Amino acid sequence: MTIRSESVKMSRFSRPLRVALASAGAVTMLLLSACSGDEPLAEDYAAGGDQGYVAGDGSYELFPVGERQEPIEFGGTTEFGDELSSEDLVGSVTVVNFWYASCPPCRLEAPDLQAAWEEHQDDGVEFVGVNIYDQAATAKTFAEKQGITYPSILDVDDASVRLAFADNVPPQAIPSTLVLDAEGRVASVIRGPIDPSILRSMITDTLAESSK
């Protein structure tokens, strides 16, 4: 794999150490202040009245097939009022992107995500956004302006989707993007704005697993 710049590092440590190293600087501070006890609370993941974001450090992780955890179960209502759940996505490699409209890096990476979706949708790949802050009208306006054609689950009220991905995506680390394998397990994660070439590599590598 091509070596990335110094700001982006891939970790291959054991799972507990990966989690400890995944968050840097302000993200770590948010985790310490937001979490109470061992388990995150739903309110820790709610956007609340603060539209500020904490960008991830751009690190990414790849999880070999034998090291992946159980499939992630999640679901909710999209900006178009449709119900969408992980059950609908089983059998497809799925890209999940956490975002909201007023997040600057979310706006910057949106065209790259759409381009990757257009490139891979005929390969049996699904893309799903998870909007953590906006109501349906704002999410639809964003999609129209950015030319986004894949749906987003509105995860505003109970943050249930973010809770489902809590082991991989720290609170308020927006944007973050994950690639799920055909069984719904996390195969890779990018914490911060995507590098299009890295995301495409993650997708194609995960697709290739099904052909072996």
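Let's start with strand β4 and its neighbour β5 (residues 125–131): they run parallel and are joined by 7 bridges. Strands here are DSSP E runs of at least two residues, helices are H or I runs of at least four, and both are numbered from the N terminus. Two strands count as paired if DSSP finds at least two bridges between them. This is a predicted model, where local features need pLDDT of at least 70 and side-chain atom pairs count only at pLDDT 80 or more, while totals for chains, interfaces and linings use all residues. Residues are numbered from 1 along each chain as its sequence is written, and side-chain values use heavy atoms, with hydrogens and water left out.

Within that parallel pairing, Val93 has Val125 of β5 as its bridge partner. Add helix α4 (residues 104–120), and β4, α4 and β5 make a right-handed β-α-β unit; with the strands pointing away from you, the path from the first strand over the helix to the second runs clockwise.

β4 also pairs with β7 (residues 176–180), this time in the antiparallel sense over 5 bridges. There, Phe98 is matched with Ser176.

So how covered is β4 (residues 93–99)? Mostly: 7 of its 7 residues are buried, meaning under 20% relative accessible area (over 50% is exposed, in between is partly exposed; 1.4 Å probe, protein chains only). Val93, Val95, Asn97 and Trp99 point one way, and Thr94, Val96 and Phe98 the other.

Finally, a search of the whole structure turns up 1 disulfide, defined as a pair of cysteine sulfur atoms within 2.5 Å. Cys103 and Cys106 form it, with their sulfurs 2.4 Å apart. The link is right-handed, at 75° about the S-S bond, and both Cys103 and Cys106 are buried.
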